[in-house]
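Here are some short exercises to help you find your way around a new structure. Take them in order, and keep the 3D view open while you work.

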Amino acid sequence: MAATMKNVEEIRSRVILGEFGVKNVHTSDFPGNYPGYDDTWDMQKFQKNFRIDVVHLDESSMEFDMVGIDAAIANAFRRILLAEVPTMAIEKVFIYNNTSIVQDEVLAHRLGLIPIRADPRLFEYRNAGEEAAEEEASEIDTIQLQLKIKCSRNPRITGDVLHIYARNIILGDIKWVPIGNQADVFADSSIGPVHDDILIAQLRPGQELDIVMHCVKGIGKDHAKFSPVATASYRLLPEITLLEQVEGEKAERLKRCFSRGVIDLEDVNGKKVAKVVNSRLDTCSREVLRHDDLKNVVKLGRVRDHFIFTVESTGILPPDVLVTEAIKVLMAKCQRFLNELDSTDMK
Amino acid sequence: MAGEGEKKPVLEMIQADGADEGCVTFVLHDEDHTLGNSLRYMIMKTLDVEFCGYTITHPSESKINFRIQTRGGLPASEPLRRGLNELTDVCQHVLNTFQARVNEFKEGQEQPME
């Protein structure tokens with residue numbers, strides 16, 4: 001795509017969705033690429049152009065817009081949210097008695113995936129010491145949970161058809177056993193599984209479970225059970241431009257090519273004319289490019305520096321706290337290398 | 001010149017050319033695209049950097065080779081340090097803006113209920 005005068009702005013700021021491919025994907029505004037543009041990093045210019053708009057926020061999910069930042073840094077935040085924000089999860093499962101139909105390892109795997117409501121910022125990582133005994137669970141790095149349940153026969157049910165009382169083991173059966181001074185420190189916040197109605201196992205009369213679990217702090221890179229988000233994703237803001245006026249039956253078809261609410265038909269001089277109302281709702285399926293008479297009427301693109309983030313938390317931490325922690329993790333990474341550079345330079 | 005930690009290295013410098021301090025490959029341990037790409041972006045935006053790129057040598061090893069070539073004899077650790085500082089400043093600004101907007105949103109939500 002030749003960089004003519006009119007095209008340059010478009011190449012610099014838009015990703016074009018074409019019929020057979022996507023163009024202008026990579027960031028190209030580095031110093032020296034475009035004559036006449038000063039693309040050197042300027043903190044003032046960045047701060048002036050940067051903004052965040054929170055669209056939706058509740059305890060389990062949030063949606064916000066980040067405008068004026070590059071994909072490299074937005075992607076870094078997304079990757080950190082998925083894999084490097086620490087949480088607490090069950091790591092060691094001591095099975096004293098398991099007579100249920102669920103195998104030990106399968107049960108332990110299921111227990112590990114349970115989200116545990118405990119603020120990971122108040123705990124330390126456990127030292128990966130080989131000599132440290134497994135029993136040595138200190139109050140600063142471990143949470144101890146216990147599951148002790150027995151399914152008993154319900155004596156009240158009798159009769160011709162033998163109804164035996166079977167028991168669903170749900171997360172509400174897991175109890176927290178405080179170690180050391182945890183009972184005082186965490187007296188007000190209840191530590192335990194986030195939800196209490198998730199099924200772990202099913203027992204029949206006579207079967208029992210006697211399990212002690214230790215939770216430790218970890219990150220999603222190590223095991224996905226430590227990931228604090230159900231998912232964290234972003235998409236770029238779509239941009240739909242109509243190149244000519246579309247009216248009548250053609251406008252109806254154009255409206256059906258996009259997601260609902262993107263294109264509206266308004267009455268102009270008795271004719272229905274298509275107008276782009278809200279391009280943010282579009283899912284960019286490029287359906288319009290499949291129709292020969294409609295594909296030259298629209299120009300589809302995405303704004304390259306406008307990111308619509310969606311963060312869904314598993315309930316351990318509220319989503320805005322998760323984003324804050326993710327940004328701090330990135331700062332800590334930079335600081336680590338700065339310290340390393342300084343320490344080697346001084347030698 | 002090699003940086004060393006207690007048990008394992010965090011950052012190493014490998015110079016292929018003889019005396020030219022401007023073309024250096026850094027090996028950053030325990031890192032991947034998260035820091036690599038964002039740092040590459042910040043350093044590319046600097047004026048006297050002629051070349052900047054990173055590569056993950058093998059996906060099973062968590063380390064990246066980060067190469068910087070500068071113009072005019074500037075030592076390569078200079079743009080690296082500046083890039084890290086600028087990335088920290090960007091993160092700080094993003095953090096402040098985000099927290100301010102979230103607080104605004106929460107206050108806006110409480111008011112209609114009162």
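**Exercise 1: an aspartate and its neighbours**

Leaving aside its neighbours within four places in sequence, which residues is A:Asp29 in contact with?

Solution. Before starting, note that this is a predicted model.

Step 1. Find the residue: A:Asp29 sits in the loop between strand S2 (22–23) and H2 of chain A.

Step 2. List the partners. With neighbours within four places in sequence left out, A:Asp29 touches A:Arg12, A:Tyr34, A:Asp39 and B:Lys45.

Step 3. Look at the partner from chain B. The side chains of B:Lys45 and A:Asp29 form a salt bridge, at 3.9 Å from N to O. That fits the cut-off, because a salt bridge needs the nitrogen within 4 Å of a carboxyl oxygen.

Step 4. Check the accessibility. A:Asp29 has 16% relative accessibility, so this residue counts as buried.

**Exercise 2: sizing up the interface**

Describe how chain A and chain B meet, going from the totals to the elements involved.

Solution.

Step 1. Begin with the contacts: 49 residues of chain A touch 44 residues of chain B.

Step 2. Add the area. The two chains, A and B, bury about 4400 Å² between them, and 71% of that is on carbon and sulfur atoms.

Step 3. Count the polar links. There are eight salt bridges between chain A and chain B, and eleven residue pairs are in polar contact, both residues at pLDDT 80 or more.

Step 4. Pick out the elements. On the side of chain A that touches chain B, two or more residues each come from helix H2 (43–49), strand S3 (51–57), strand S4 (61–67), helix H3 (71–83) and helix H7 (319–345) of chain A. H7(A) gives the most to this side, with 18 residues.

Step 5. Sort by class: the side of chain A that touches chain B has 27 nonpolar, seven polar and 15 charged residues.

**Exercise 3: two neighbours in a helix of chain B**

What do B:Leu87 and B:Thr88 touch, leaving aside neighbours within four places in sequence?

Solution.

Step 1. Get an outline of chain B. Its secondary structure comes to two helices and four strands, in the order β-β-α-β-β-α from the N terminus. Of its 114 residues, 45% count as buried.

Step 2. Place the residues: B:Leu87 is in helix H2 (residues 77–113) of chain B, and B:Thr88 is in helix H2 of chain B too.

Step 3. Take B:Leu87. Its contacts outside those neighbours are A:Ile73, A:Cys334, B:Leu35, B:Ser38, B:Leu39 and B:Met42. For B:Leu39, which is 48 residues away along the chain, the C-alpha atoms are 7.0 Å apart. B:Leu87 has a relative accessible area of 0%, so it is buried.

Step 4. Now take B:Thr88. This residue touches A:Met331, A:Cys334, A:Gln335 and A:Leu338, again leaving aside neighbours within four places. Its relative accessibility is 14%, so B:Thr88 counts as buried.

**Exercise 4: reading aromatic pairs**

Work out the geometry of two aromatic pairs in chain A, then see how buried each ring is.

Solution.

Step 1. Get the total: the structure holds eight aromatic pairs over all chains.

Step 2. Look at A:Tyr34 and A:Tyr37. Their centres are 6.0 Å apart, with 70 degrees between the planes, an edge-to-face pair. Planes over 60 degrees apart are what give a pair that label. A:Tyr34 is buried at 12% relative accessible area, whereas A:Tyr37, at 33%, is partly exposed.

Step 3. Turn to A:Tyr234 and A:Phe309. This pair is tilted, at 5.4 Å centre to centre and 50 degrees between the planes. The pair links distant parts of the chain, 75 residues apart: A:Tyr234 is in strand S13 (residues 229–242) and A:Phe309 in strand S16 (residues 298–313) of chain A.

Step 4. Compare accessibility. A:Tyr234 is partly exposed at 24%, while A:Phe309 is buried at 2%.

Step 5. Widen the view. A:Phe64, A:Tyr234, A:Phe307, A:Phe309 and B:Phe98 form one aromatic cluster.

**Exercise 5: the buried part of a helix**

Which residues of helix H1 (residues 5–13) of chain A are buried, and what do they pack against?

Solution.

Step 1. The buried residues of H1(A) are A:Val8, A:Glu10, A:Ile11 and A:Arg12.

Step 2. These buried residues pack against strand S1 (14–17) and S16 of chain A.

Methods
Residues are numbered from 1 along each chain as its sequence is written. Chains are lettered from A and ligands numbered from 1 in the order in which they are written. Side-chain values use heavy atoms; hydrogens and water are left out. Contact means heavy atoms within 4.5 Å. Buried area is the accessible area (1.4 Å probe) that two parts lose on being put together, summed over both. A polar contact is a pair of N or O atoms within 3.5 Å; within protein, one must be able to donate a hydrogen and the other to accept it, and residues adjacent in sequence count only if both atoms are side-chain atoms. Ala, Val, Leu, Ile, Met, Phe, Trp, Tyr, Cys and Pro count as nonpolar, Asp, Glu, Lys and Arg as charged, and the others, Gly among them, as polar. Rings of Phe, Tyr and Trp (its six-membered ring) pair if their centres lie within 6.5 Å; planes under 30 degrees apart count as stacked, over 60 as edge-to-face and the rest as tilted. Buried means under 20% relative accessible area, exposed over 50%, partly exposed in between (1.4 Å probe, protein chains only).
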